[in-house]
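Colleague: I would like to learn how to read burial, strand pairing and enclosed space from a set of coordinates. Could you take me through one example, step by step?

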Amino acid sequence: MNRLGSSLEPRVMDDDMLKLAVQEQGPQEEAGQLAKQEGILFKDVLSLQLDFQNILRIDNLWQFENLRKLQLDNNIIERIEGLENLTHLVWLDLSFNNIEAIEGLDALVNLEDLSLFNNRISKIDSLDALAKLQVLSLGNNQISNAMNAAFVEHLNGSFLFDSMYAEDVEGNKLACLPSVAELLEAYKDKFVIICLNIFEYGLKQQEKRKVELDTFSACVHEAVRENQEQGKHRVAMFEEKYLVSLSAIQDEADITGTETKIVEYGEDITELYNVLMTLEMQLVEQLEETINMFERNIIDLVGLFIENVQSLMAQCRDLETHHHEKLLEICINTLEKVLKGELDADLPEDVRALFVDKDTIVNAVGTSHDIHLLKIDNREDELLTRVNSWCTQLVDKIHKDEISRNRKRVREINQYIDHMQSELDNLEYTDVID
């Protein structure tokens, strides 16, 4: 999955590699030459670039205790490890490697940007300790289907927040006001964290739904298998007895004896039919109970997922409302300064046009607020509609599949019994001719 040629030998992160990287990436002027002569202490390094080195394993980074940026992309790393001492790390790039699991990150409590793009990761896990994480890149892994199944696509970053401002003309104009940039940055940071919480929670819940479905499918498969084995056993016993009966009928010289044996054989066919139909009815009852239990469990899981997503989306709306109130306060203060001629900042003409009177600026801020709330509502509605639709379609399919299975089994039983009865009728006909 990495971009390196397979002919290169895997390399180890030893002191020689690290020293060379630090020297090459250090200052190149006079200060850099002096640093090369005296040596650079690893604990003083803030940024380290080790991409395209064919590194197989992360190691020997314990001395880089103040490192803030680490670039390890385009290697052949298989595990996330050896980062325990990098507690000041803010930016970590592990894209284009062979990593299969998210692990070894609990100590990185200051991490804000994590790229795991183009690896072999199939499951989102072990991110709870990363409280400051704002950007998580997981594209081109093996979890794309999991994101779709979890209904949380594009919630692992700032996509929803960015979409709120993509069509917000007034909001983008007001961003140039004094103190709004800081307000907007703080708002975005908190908003993205909530989106990441929804994303991670969604993937965990999807895993629970998958386990529930897999367990249900295994139970159904085992119940059907056991029932079929019992049916096959009874059919085998019948056919063994049938061969004996057929031989006895053919050897019977007396017509009365022949007729008696044919009647007995007919009774055996009826008994087999009753046994097979009884087994099928028992299976139907067993599967009905299993399906009903699964239906209750999956509906409960989906209900819990919806409840918590709605709660998190409500937090997004609360943040938006708080931002709206703060922005409106700044705009009213700005309007007063504009009207009094006390505004120091030189505003663009299209922005200044919003401050002709109170109604104009209040409407502009309100329009921006409405656009943001609509984007949040639409994303929530999309998620809830899809998960409810998935649940309904799944349960309906399970019920329909069971009805189809039952009808097919009953048809198989009837066809087999009809075949046996037809052979019996042929025996009677042959006996009459003889």
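Modeller: Let us start with one side chain, keeping in mind that this is a predicted model. Leu-424 has a relative accessible area of 2% and is therefore buried, since the cut-off for burial is under 20%.

Colleague: In which element does Leu-424 have its place, and with which residues is Leu-424 in contact, leaving aside its neighbours within four places in sequence?

Modeller: Leu-424 belongs to helix α9, which covers residues 358-433. Once the neighbours within four places in sequence are set aside, the contacts of Leu-424 are with Ile-262, Tyr-265, Gly-266 and Ile-269. Of these partners, take Ile-262 as an example: 162 residues separate Ile-262 from Leu-424 along the chain, yet their C-alpha atoms are 7.2 Å apart.

Colleague: How is Ile-121 to be read, buried or exposed, and where in the chain does Ile-121 lie?

Modeller: Ile-121 lies in a loop, the one that links β6 (113-115) to β7 (135-137), and with a relative accessible area of 0% Ile-121 is buried. Apart from neighbours within four places in sequence, Ile-121 touches Ile-99, Glu-100, Ala-101, Ile-102, Leu-116, Leu-138, Asn-141, Gln-142 and Ile-143. For Ile-102, which is 19 residues away along the chain, the C-alpha separation from Ile-121 is 7.3 Å.

Colleague: And for the protein as a whole, what percentage of the residues count as buried?

Modeller: Of its 434 residues, 41% count as buried. As for contacts between residues at least 6 apart in sequence, 58% join residues that are at least 24 apart. The secondary structure behind these totals consists of nine helices and seven strands.

Colleague: Which order do the strands of the open sheet have?

Modeller: A sheet is read by following the pairing from strand to strand. Here five strands form an open sheet in the order β2-β4-β5-β6-β7, with parallel pairing. β2 (47-49) and β7 are the edge strands, each of them pairing on one side only, and the twist from one strand to the next averages 0°. Within this sheet, β5 (residues 91-93) and β6 run parallel and are joined by three bridges, with Leu-92 standing opposite Leu-114 in β6.

Colleague: How many cavities of 30 Å³ or more are there, and which residues line the largest cavity?

Modeller: A cavity differs from a pocket in that a probe placed in a cavity cannot get out. The count comes to two cavities of 30 Å³ or more. The largest cavity holds about 50 Å³ of space and is lined by Tyr-165, Gly-171, Leu-174, Ala-175, Val-180, Leu-184, His-323, Leu-327, Ser-368 and His-372; by class, six of these residues are nonpolar, four are polar and none is charged. At least two lining residues come from each of α5 (169-174), α6, α7 (255-340) and α9.

Colleague: What is the volume of the second largest cavity, and how does its lining divide by class?

Modeller: The second largest cavity has a volume of about 40 Å³, and its lining has two nonpolar, one polar and four charged residues. Among the lining residues are Asp-125, Asp-128, Glu-200 and Lys-204.

Colleague: Finally, how much space lies in the largest pocket, and which residues are the closest to its centre?

Modeller: The largest pocket contains about 310 Å³ of space. Its lining has 17 residues, of which Leu-136, Asn-156, Gly-157, Ser-158 and Phe-159 are the closest to the centre. The elements giving two or more residues to this lining are β7, α3 (144-150) and α6 (180-251), and the lining of the largest pocket divides into six nonpolar, eight polar and three charged residues.

Key:
Residues numbered from 1 in each chain as written. Predicted model: local features only at pLDDT ≥ 70, side-chain atom pairs only at ≥ 80, totals over all residues. Heavy atoms only, no water. Buried < 20%, exposed > 50% of the residue type's maximum accessible area, 1.4 Å probe, protein only. Contact = heavy atoms within 4.5 Å. Pairing = 2+ DSSP bridges. Axes fitted to C-alpha atoms, helices over the stretch in contact; angles between N-to-C directions. 1 Å grid on protein atoms, 1.4 Å probe; cavity = no way out; pocket = protein on both sides within 12 Å on 5 of 7 lines; lining within 4 Å. Points joined across faces, edges and corners; volume = space filled by probe spheres on them. Nonpolar A, V, L, I, M, F, W, Y, C, P; charged D, E, K, R; others polar.
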